[in-house]
Amino acid sequence: MLDLEWSRAIELPQAAMTAATPAELRRAWVHRAPEDSVLALFRASAGMAGPIPAPWWLRAVADGKLDSREQGFRVEDRIAQLLGRRPGWEFVPWAADGESGYWEFMPSERGKSGHAIPTTVMNTDRHEGWIDVLPAHTGPTPDPIPIAGLAGLRSRLGVIEAVR
């Protein structure tokens with residue numbers, strides 16, 4: 001029953017699939033319910049079957065690396081403010097179950113470099129910069145590049161956007 005309850009907790013309404021920013025995607029129970037209830041259900045569900053689908057920020061909060069869900073939302077929103085104003089970046093709301101979407105740099109796909117998969121910026125709980133960049137590629141997926149927060153992303157955008 002916990003699996004079903006967790007699945008419903010992260011389920012997004014169909015309308016969320018047209019979201020243009022992470023804020024527009026925050027319509028599931030995990031985004032709206034009291035944070036202590038979300039953490040309790042997450043921990044109970046994760047303890048039953050190992051890793052479960054969940055937003056990056058929830059994994060970080062549960063591990064004590066992030067103070068709150070709101071802090072995670074701020075990270076996502078600041079990335080949206082930065083990339084949403086730049087030409088070529090598109091928000092992709094249909095990430096893996098429970099995830100918060102990601103950003104793709106469309107000029108890096110099928111451009112002069114010929115890559116089939118565009119450069120992707122996504123949030124992560126792997127490190128406390130909370131941002132990974134997956135370089136544009138064709139073939140096997142390369143390892144993500146850890147970015148040192150929003151300042152690190154801003155400072156490296158010239159290099160990231162140079163792949164076309």
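Select Arg 59 and Asp 125 in this predicted model: the two residues form a salt bridge, with their closest N and O atoms 3.2 Å apart. The pair ties together distant parts of the chain, since Arg 59 lies in helix α5 and Asp 125 in the loop between β3 and β4, 66 residues apart. Colour the two by accessibility next. Asp 125 has a relative accessible area of 13% and is therefore buried, the limit being under 20%. Arg 59, at 22%, is partly exposed.

Keep Arg 59 selected and add Glu 99. These residues also form a salt bridge, and here the closest N and O atoms are 2.8 Å apart. This pair again links distant parts of the chain: Glu 99 sits in the loop between β1 and β2, whereas Arg 59 belongs to helix α5 (residues 56-62), 40 residues apart. Glu 99 has a relative accessibility of 22% and counts as partly exposed.

Now move to Arg 126 and Asp 132. Their salt bridge brings the closest N and O atoms to 2.7 Å. Which of the two categories, buried or partly exposed, applies to Asp 132? Asp 132 is buried, with a relative accessible area of 2%, while Arg 126 is partly exposed at 48%.

Hide the side chains and stay at Asp 132, whose bridge partner in β5 is Pro 146. Strand β4 (residues 131-134) pairs with β5 in the antiparallel sense over three bridges.

Widen the selection to the sheet. Five strands make up an open sheet, ordered β1-β2-β3-β4-β5, with antiparallel pairing. At its edges are β1 (89-92) and β5 (145-147), each of which pairs on one side only. Neighbouring strands are turned by 25 degrees against each other on average, direction ignored.

Add helix α6 (residues 69-83), which packs on the sheet and touches β1, β2 (102-105), β3 (119-123) and β4. The direction of helix α6 makes about 155 degrees with that of β3. Then show helix α7 (residues 149-161), also packed on the sheet. Helix α7 touches β1, β2, β3, β4 and β5, and its direction makes about 130 degrees with that of β5.

For the last stop, restore the side chains and select Arg 26, Glu 76 and Asp 77, which are linked in a network of salt bridges. How many salt bridges does the structure hold? The structure holds six.

Notes: Residues numbered from 1 in each chain as written. Predicted model: local features only at pLDDT ≥ 70, side-chain atom pairs only at ≥ 80, totals over all residues. Heavy atoms only, no water. Pairing = 2+ DSSP bridges. Helix = DSSP H or I, 4+ residues; strand = E, 2+ residues; numbered from the N terminus. Axes fitted to C-alpha atoms, helices over the stretch in contact; angles between N-to-C directions. Contact = heavy atoms within 4.5 Å. Salt bridge = Lys/Arg side-chain N within 4 Å of Asp/Glu carboxyl O. Buried < 20%, exposed > 50% of the residue type's maximum accessible area, 1.4 Å probe, protein only.
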